[in-house]
Amino acid sequence: MKIKRFSFNPFQENTYIVYDEKSLDCAVIDPGCYFPEEQNCLLQFLQDNNLHPSKVLYTHCHLDHCFGATFLAEQFPALKFYGHTNEQENINIAEQQGAVFGIDFQQPPSISHYVFDGEKITIGNNSLTVIETPGHSAGGVCYYCENEKILFSGDTLFAGSVGRTDLFGGNMQMLIQAINTKLMTLPDDVTVYCGHGYTTTINEEKHGNPYIS
Ligand SMILES: [Zn+2]
Ligand SMILES: [Zn+2]
């Protein structure tokens with residue numbers, strides 16, 4: 001499984017393209033491209049690699065993770081949007097989310113497939129398992145590839161930090177509980193691809209993250 005990371009929009013959100021080189025099966029995790037040059041950059045990468053994404057996988061639907069959804073839906077009309085049912089509310093209040101941050105936020109498409117804890121989402125020969133980790137957002141999830149020991153943590157877990165819980169649907173107690181019981185129990189050598197900032201590992205966060213006991 002190949003991974004390409006982009007850092008997009010004024011929130012410096014990480015958008016990931018996950019794909020299988022043989023089958024060219026491809027998903028976009030949290031499409032945050034906002035400015036036209038960012039949209040072009042994403043599209044160029046897809047074209048250069050002959051990729052036609054079939055799915056968008058949302059870790060959650062705060063604005064910085066969905067800015068590029070409408071653009072991608074226009075480019076790839078068959079695209080399906082995967083996210084937790086509790087995140088649809090964030091899509092519904094897109095305009096309000098934009099207003100809070102003083103930024104135009106075009107209404108994204110609705111979630112077309114509701115993911116659930118333990119669901120396996122296939123990408124080529126690999127699969128990503130959905131891990132529900134509410135707390136940063138009410139329907140926050142992580143995507144875990146057991147084969148490749150890779151976790152996409154969204155804004156649940158960062159290198160040296162955790163997601164803020166003062167936004168739409170946040171709850172600090174739930175967040176810490178989800179991290180401790182569902183992420184810190186993964187193998188130490190799992191690489192964590194975060195929604196913002198640097199990549200880390202479960203082991204590094206177990207020992208160096210001040211929020212985790
Ligand atoms: Zn967020
Ligand atoms: Zn974010």
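**View 1. Irregular arrangement of donors around the zinc ion (ligand 2).** In this predicted model, the 4 donor atoms subtend angles of 89 to 158 degrees at the zinc ion (ligand 2), so their arrangement is irregular. Tetrahedral geometry would require all angles to lie between 85 and 135 degrees. The protein donors are Asp64 (OD), His65 (NE2), Asp155 (OD) and His196 (NE2), at 2.1 to 2.2 Å from the ion. Along the sequence, the donor residues follow the spacing D-H-x89-D-x40-H.

**View 2. The two zinc ions and the residue that coordinates both.** A distance of 3.5 Å separates the zinc ion (ligand 2) from the zinc ion (ligand 1). Asp155 coordinates both ions.

**View 3. The histidine donors His65 and His196 in their loops.** His65 is located in the loop between β4 (55–57) and α2 (69–75), and His196 in the loop between β13 (191–194) and β14 (200–201); the pair therefore ties together parts that are 131 residues apart in sequence. Both histidines are buried: His65 has a relative accessible area of 0%, and His196 has one of 19%.

**View 4. Surroundings of Cys66 and Cys145 in a structure with 0 disulfides.** The closest cysteine sulfur to that of Cys66 belongs to Cys61 and lies 4.2 Å away, too far for a bond, because a disulfide requires sulfur atoms within 2.5 Å. Cys66 is buried, at 1% relative accessibility. Cys145 likewise takes part in no disulfide, and its nearest cysteine sulfur, that of Cys142, is 14 Å away. Cys145 is buried, with a relative accessible area of 0%.

Definitions and conventions. Residues numbered from 1 in each chain as written. Chains lettered and ligands numbered in written order. Predicted model: local features only at pLDDT ≥ 70, side-chain atom pairs only at ≥ 80, totals over all residues. Heavy atoms only, no water. Donors = N, O, S within 2.8 Å, 3.2 Å for Na, K, Ca; no water. Tetrahedral: all angles 85-135°; square planar, octahedral: opposite > 155°, others 65-115°. Helix = DSSP H or I, 4+ residues; strand = E, 2+ residues; numbered from the N terminus. Buried < 20%, exposed > 50% of the residue type's maximum accessible area, 1.4 Å probe, protein only.
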